[in-house]
Amino acid sequence: MSLFQKSAIALARSPGVGRAMRALAARTSLARRFVGGADVAQAVRTAVRLREAHGIRASLFYLGEYVADADAIEHNTRQAMQACAALGQAGLDVHVSIDPTAIGYMRGDELGRGNARRIAAAAREASAGGRDWVVLDMEDSGLRERTCALHCELLQAGLPAGLTLQARRLGTPADLAWTIGQRTSLRLVKGAFPERALDHAGRARIDQAYLDAAAIMLSPAAREAGFLPVFGTHDDRLAGAIMALARERGWAPEAFEFEMLYGVRPDWQLALRRLGYTVRVYLPFGQDWWPYAARRIGEHPRNAWLLARSLNTEGRYFG
């Protein structure tokens with residue numbers, strides 16, 4: 001992990017910096033650049049606008065992670081359930097993303113599993129017949145096996161559960177071997193904040209690991225199982241290679257998705273839509289936006305200039 005990334009994590013976790021940045025929210029565009037709204041209603045309005053204006057889908061994510069307080073855990077769980085209901089009422093995909101550490105895994109696996117079941121049941125109940133999933137985000141390596149086990153448990157219970165895997169992790173191909181045989185959604189990301197003993201090293205090797213995983217996800221066996229591949233990347237080189245591989249293997253453009261962070265590379269999102277591909281944005285909402293925004297800067301140092309610029313300018317998404 002670089003010094004820049006360590007500094008970004010420290011800023012993200014600093015209560016004092018967080019309070020100061022939230023106090024500036026009225027005149028900063030940083031939150032508006034990366035966050036879709038302060039509450040469920042605002043987030044759903046943003047999702048409706050994206051879908052109606054650009055045909056872009058959304059996965060809502062309530063901001064909150066690494067939570068051990070029981071009241072905060074219950075609050076996070078209810079926010080995700082309310083998002084499911086509101087998306088269904090709006091006629092959108094009932095698609096939400098959740099961090100296991102936000103819904104109870106910091107206190108115990110039993111609590112986390114129970115809350116995940118509540119959220120997934122709410123998604124199933126609110127389903128409007130779209131691409132409806134509760135997607136488990138992949139956090140640090142200590143949660144990998146527990147998150148994969150939770151995904152398996154939810155699927156076995158007949159609940160609409162998806163999973164996120166990190167291409168840079170050496171164990172990802174083994175995790176994919178089971179997953180592609182299920183009727184589920186899987187979001188493949190490169191993975192942030194590396195751990196040397198567990199990861200591929202170097203950009204070229206990580207990119208190749210991403211494409212190797214994509215080849216597994218776009219296999220005939222995956223298509224026959226009703227598996228939905230989701231490629232979480234802003235890298236147009238990788239996207240181009242994935243599009244070529246999908247054409248070669250007979251996957252229609254609408255049979256898989258590209259997913260990007262809300263506020264990052266909207267021009268590329270629109271270009272993919274014009275080419276006929278399904279695009280989804282990971283759309284966070286809530287008041288505690290500073291840790292999330294700081295991590296986006298840490299993961300992509302070229303975004304650091306947004307922090308300085310946002311303090312005295314207005315930002316808009318898609319104009």
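Helices (H or I, at least four residues) and strands (E, at least two) are DSSP runs, numbered from the N terminus. Residues are numbered from 1 along each chain as its sequence is written, and side-chain values use heavy atoms, with hydrogens and water left out. The model is predicted: local features need pLDDT of at least 70, side-chain atom pairs count only at pLDDT 80 or more, and totals for chains, interfaces and linings use all residues.

## Overall build

The chain has 14 helices and eight strands. Of its 319 residues, 53% count as buried. Buried means under 20% relative accessible area, exposed over 50%, and partly exposed in between (1.4 Å probe, protein chains only). Contact means heavy atoms within 4.5 Å. Among contacts between residues at least 6 apart in sequence, 75% join residues at least 24 apart.

## The barrel

Eight strands close into a barrel, in the order β1-β2-β3-β4-β5-β6-β7-β8, and the pairing is parallel. From one strand to the next, the twist averages 25°. Axes here are lines fitted to C-alpha atoms (for helices, over the stretch in contact), and angles run from 0 to 180 degrees between N-to-C directions. Two strands pair if DSSP finds at least two bridges between them.

Three of the pairings are set out below.

| Strand pair | Bridges | One bridge partnership |
|---|---|---|
| β1 (residues 57-62) and β8 (residues 278-285) | Six | Phe61 with Pro284 |
| β5 (residues 185-189) and β6 | Four | Ser185 with Leu228 |
| β6 and β7 | Three | Phe231 with Phe258 |

Strand β6 deserves its own look. Five of the five residues of β6 are buried, so the strand is largely enclosed by the rest of the structure. Both of its faces are covered. Leu228, Val230 and Gly232 are buried on one side, and Pro229 and Phe231 on the other. In a regular strand the side chains alternate between the two faces of the sheet.

## Aromatic pairs

A pair of aromatic rings is described by the distance of the centres and the angle of the planes. Rings of Phe, Tyr and Trp (its six-membered ring) pair if their centres lie within 6.5 Å; planes under 30 degrees apart count as stacked, over 60 as edge-to-face and the rest as tilted. By this rule the count comes to seven aromatic pairs. One of them joins Phe231 and Phe256: the centres are 6.0 Å apart and the planes stand at 75°, so the pair is edge-to-face. Phe231 lies in β6 (residues 228-232), while Phe256 sits in the loop between α11 (236-248) and β7 (257-261), so the pair ties together parts that are 25 residues apart in sequence. Phe231 is buried, at a relative accessible area of 0%. Phe256 is buried too, at 1%. Phe256 also pairs edge-to-face with Phe258, at 5.8 Å centre to centre and 75° between the planes. Both Phe256 and Phe258 are buried. Ring pairs link Phe231, Phe256, Phe258 and Tyr277 into a cluster.

## Helix α7

Helix α7 covers residues 144-156. The expected span of a helix is 1.5 Å times one less than its number of residues. For the 13 residues of α7 that gives 18 Å; the end C-alpha atoms are 19 Å apart, which agrees. The buried residues of α7 are Thr147, Cys148, Leu150, His151, Leu154 and Leu155. Seen down the helix axis, they fall within an arc of 155°, so they line one face of α7. The arc is that of the directions from the helix axis to the C-beta atoms. An α-helix has 3.6 residues a turn, so residues three or four places apart point the same way. On the other side of α7, Glu145 and Gln156 are exposed. The cover over the buried residues of α7 includes α6 (109-126), β3 (133-136), β4 (161-166) and α8 (172-179). Gly158 follows α7 and has a positive phi, near 75°.

## Two loop residues

His234 is placed in the loop between β6 and α11. At 16% relative accessibility, His234 counts as buried. Leaving aside neighbours within four places in sequence, His234 is in contact with Met260, Leu261, Val264, Arg265 and Trp268.

Arg265 is found in the loop between β7 and α12 (266-274). Arg265 has a positive phi of about 55°, although it is not a glycine. At 29% relative accessibility, Arg265 counts as partly exposed.
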